[in-house]
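Visitor: I am new to this structure and would like a close look at a single part of it. Please start at one residue and take me along slowly, explaining the terms as you use them.

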Amino acid sequence: MTAVDERGMTKYFEELEPPEGVKVELLRGVIVMMASPDIVHNMIVTDVQDQIPRQRWSRLQTQDIDISGEASEPVPDLVVLARDLLPDSGRLVPCRVISLVVEVVSKSSVHHDYVIKRSIYAAGEIPAYLIIDPIMGHSVLLTKPSGQGEDADYRSQEIIKFGDRLPLDVLGAELDTSEFGTLPGVRPHRYP
């Protein structure tokens, strides 16, 4: 896509009103629509949110974020930022104030979560990206973003099986993953 096409898509995206129950994101100039998530997905997001101390951190579900230099407005399952950095209002939270983004994998989001969003969040220099995968029964913690555009990536990757403690140094917290559910009957994938 050319820069003109991406700007046009961004304008169209801003004016788009999806039907109820549909999540819409702009990922590198492509509009992605997904159906409402599974109960397992929502329970994991709630469990993670409940374990991050509210006194210090703002924990926002399905908040649009602005990625500098990208034709992208992803909507992570959970966005975590210091309470004193939370904007007073607005639809987009700037990537520069975010400490952690969390995505919970679904059958239809595997490639987006492991590949496209990994690169987008790294390009936005978000310090930590946590992929929670109820298909594979593990989490992938990515830190140390590096690079620009589609070549951006995280230099550090740690895989934590469900049931093990998950250290989130960026938040000074540790997650208990023992109650994270899995998606039965879903075919395993080949990521990370």
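Guide: Let us begin at Phe-180, which sits in the segment after strand S12 (173-176). Strands (E, at least two residues) and helices (H or I, at least four) are DSSP runs numbered from the N terminus. A word on the numbers: this is a predicted model, where local features need pLDDT of at least 70 and side-chain atom pairs count only at pLDDT 80 or more, while totals for chains, interfaces and linings use all residues. Residues are numbered from 1 along each chain as its sequence is written, and side-chain values use heavy atoms, with hydrogens and water left out.

Phe-180 has a relative accessible area of 6%, so it is buried. Buried means under 20% relative accessible area, exposed means over 50%, and partly exposed is in between, using a 1.4 Å probe and protein chains only. Setting aside residues up to four places away in sequence, Phe-180 touches Ile-44, Asp-47, Val-48, Gln-51, Ile-132, Ser-139 and Phe-162; contact here means heavy atoms within 4.5 Å. The C-alpha atoms of Phe-180 and Met-43 lie 7.7 Å apart, although 137 residues separate the two in sequence.

That takes us to the wider chain. It has three helices and 12 strands, and of its 192 residues, 48% count as buried. Among contacts with a separation of 6 or more, 58% join residues 24 or more positions apart.

Now to helix H3, which covers residues 110-123. Its 14 residues reach 19 Å from the first C-alpha to the last, close to the expected 20 Å at 1.5 Å a residue; that expected span is 1.5 Å times one less than the number of residues. H3 also has a kink of about 40 degrees centred on Lys-117, where the bend at a residue is the angle between axes fitted to the seven residues ending there and the seven starting there. Because 10 of its 14 residues are buried, H3 is largely enclosed by the rest of the structure. Those buried residues include Val-110, Asp-113, Tyr-114 and Ile-120. After the helix comes Glu-125, with a positive phi near 60 degrees.

Lys-117 deserves a pause of its own. With a relative accessible area of 2%, Lys-117 is buried. Not counting residues up to four places away in sequence, Lys-117 touches Lys-23, Glu-25, Leu-27, Val-75, Glu-103, His-112 and Tyr-129.

Another residue of H3, Ile-120, leads onward, since Ser-72 is in contact with it, and Ile-120 itself is buried. Ser-72 lies in the loop between strand S4 (64-66) and strand S5 (78-82). At 2% relative accessibility, Ser-72 counts as buried. Leaving aside neighbours within four places in sequence, the other contacts of Ser-72 are Leu-26, Leu-27, Arg-28, Ile-65 and Ile-67. A polar atom of the Ser-72 side chain lies 2.7 Å from the backbone nitrogen of Arg-28.

Arg-28 has a second link to that loop. It forms a salt bridge with Glu-70, with the closest N and O atoms 2.8 Å apart; a salt bridge is a side-chain nitrogen of Lys or Arg within 4 Å of a carboxyl oxygen of Asp or Glu. This pair links distant parts of the chain, 42 residues apart: Arg-28 is in the loop between strand S1 (22-27) and strand S2 (30-35), and Glu-70 is in the loop between S4 and S5. Glu-70 counts as buried at 17% relative accessibility. By this rule the count of salt bridges comes to eight.

Two more salt bridges meet at Arg-91. Asp-64 and Arg-91 form one of them, with their closest N and O atoms 2.6 Å apart. Asp-64 is in strand S4 and Arg-91 in the loop between S5 and strand S6 (92-94), so the pair ties together parts that are 27 residues apart in sequence. Asp-64 is buried, at 14% relative accessible area, whereas Arg-91 is partly exposed, at 36%. The other bridge brings together the side chains of Glu-73 and Arg-91, at 2.9 Å from N to O. Here the partners are 18 residues apart, with Glu-73 in the loop between S4 and S5. Glu-73 is buried, at 5% relative accessibility. Through these shared partners, Asp-64, Glu-73 and Arg-91 join into one network of salt bridges.

Conventions
Polar contact = N/O pair within 3.5 Å; in protein donor to acceptor, adjacent residues only side chain to side chain.
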